[in-house]
Structure formats: structure tokens, C-alpha cells
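Reader: I am new to this structure. Please take one strand and look at it closely. Then show me how the aromatic rings are placed.

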Amino acid sequence: MIIPALDLLGGRVVRLKQGDYARTTVFDLDPVSRILNYTQDGAPFIHLVDLEGARDPSRRQRALIAQITRSCPVPVETGGGIRSDFDIENLLNLGVERVVVGSAAISSQESVLGWIRRFGPDRFTLALDVRIKNDVPYVAVHGWLDTSDVTLYSALRPYLTCGIEHVLVTDISRDGMMKGANTALYSELARRYKGLDIIASGGISSIEDLRAVKESGVSSCVLGRSLLEGKFTVREALSCWQEE
């Protein structure tokens, strides 16, 4: 599945390079209009990154998220700073289809497992951002400021037993850099976790990059900067993804 993404900061569409708020590009776009354009082109799902909520959950862009979910004809997922049952209930009540959980999956594992049991695994996307060290992916936390000593594979283990269905994996070194995706990582994930919806993210700057991700065997791909900068369209991405 092709999933267009928008990063939202102060109600504006932005992109960060490697998660750095000091390296922000602002796009002069209305987020609702841009999302509707994506869905008109055939996008089946939308991924929102609430950068305000990620920094401070009390500043979550609830009004904008609600406006988007009301307007959008396809399901929406979002997260950023998810730390409590209230955060999850609030987003689900706003019409969000899936809540994206990131750092808490490492720092508050028992809480996240409890959320999955309470609300159901289909209501979550587990977002694990990684740094590669000696060819091993280690999970980064706290807005990518820190790298844990937990490998991606060990981080996934308890969530697989809890029935998680959707896992978004981003190689930080590729995110926002437009230098191609880490297809070796995605090939390994597709090999290890058959049947799991592995969602690739980061680095895709061309249809050729997208085709390489598809050939890695993952089932979904998030596209952000490449669509905003017009490297290709949602229609072109869908056509590539559907190629036999």
C-alpha cells in the first residue's frame, strides 16, 4: 500500500531532515487540500506526523487532526508523544483509524502492550526508527536524540506475540535526505516477518527508489518529501507499486 505522509508543525506542512527541528523546510500548502489531492489521486490511507504533539503532548494539533479526519475520505493514522490511554482515546474519538506509537514502545513497553490488548492491535501502527551500527538496526528514541541498546528485532518480539499487525520502520540516516531507501534492511524484515505489514519509510526520491522498495518484499511504503517536491505523483507511485 502507498501511504502519503504529511508532517505538521504549527498547523503548517513541513519536513525535517533526520528528525532535526533546526533543519525544517516549510511548504506553502494547505494540509487539508493537499490530503484531498492525494486521495483524489487514489491514495488509500494517510499518515500524519504531529510534530507539536511529539514535542509536547499538551500541544497536540487536535483541531487540525479533527478537520482532516472529517474531510478525508480514507483512513488516517497519526501519533507523536503518545503516553497515555487518554492520548489514544482522544485520537480515536477524533476519527483517527490507527494511532502511531514510537518511543513509548521501548520506554514503556508494558503500557503499550496494555494499550494493544485494550484497544486491539488493528488500531495501532508501531513506529520504530533505527540507526544502523555494524549492520545491526538499533532503535532510536526521544525524537531520534538517543539510540537505545535495543535492536529492532528484539524490540519487535513482545509486540508480535501481542498480535501487532502494522510496523513502520525508518532508517534515520535516510529520512528526508532523498538518497534512496535502505532496501537491505527492508528485505531482511520482509524475510523474517512474513505476513506482517512492514511499512518502509525514508529516502525515496524517485520511482526507481520506490520500485527497489517494492522489490524488497515489504507490503507498504510511506512517501513524504518526494511527493511534496513533485518527484512523482501518487498516481505514478500507485502504478509502480501495482506492477507485476
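**Strand S1 and its partners**

Author: Strand S1 pairs with strand S12 (residues 220-223) in the parallel sense, over 3 bridges. The model is a predicted one. Within this pairing, Ile-2 has Cys-221 of S12 as its bridge partner. S1 also pairs with strand S4 (residues 46-50). Here the two strands run parallel and 4 bridges join them. Opposite Ala-5 stands His-47 of S4.

Now look at how S1 is covered. S1 spans residues 2-9, and 8 of its 8 residues are buried, so the strand is largely enclosed by the rest of the structure. Take the two faces in turn. One side carries Ile-2, Pro-4, Leu-6 and Leu-8, which are all buried. The other side carries Ile-3, Ala-5, Asp-7 and Leu-9, and these are buried too. Both faces of S1 are thus covered. Ile-2, the partner of Cys-221, belongs to one face, and Ala-5 belongs to the other.

Next come the rings. A search of the whole structure gives 1 aromatic pair. The ring centres of Phe-119 and Phe-124 lie 6.3 Å apart and their planes meet at 65°, so this pair is edge-to-face. The cut-off for that label is an angle over 60 degrees. Phe-119 and Phe-124 are both buried.

Two other rings have a charge over them. Lys-133 places its charged end over the ring of Tyr-138, 4.8 Å from the ring centre. Arg-192 has its charged end over the ring of Tyr-153, and there the distance to the centre is 3.7 Å.

Conventions. Residues are numbered from 1 along each chain as its sequence is written. This is a predicted model: local features need pLDDT of at least 70, side-chain atom pairs count only at pLDDT 80 or more; totals for chains, interfaces and linings use all residues. Side-chain values use heavy atoms; hydrogens and water are left out. Rings of Phe, Tyr and Trp (its six-membered ring) pair if their centres lie within 6.5 Å; planes under 30 degrees apart count as stacked, over 60 as edge-to-face and the rest as tilted. Buried means under 20% relative accessible area, exposed over 50%, partly exposed in between (1.4 Å probe, protein chains only). A charge sits over a ring if NZ of Lys or CZ of Arg is within 6 Å of the ring centre and within 35 degrees of the ring normal. Two strands pair if DSSP finds at least two bridges between them.
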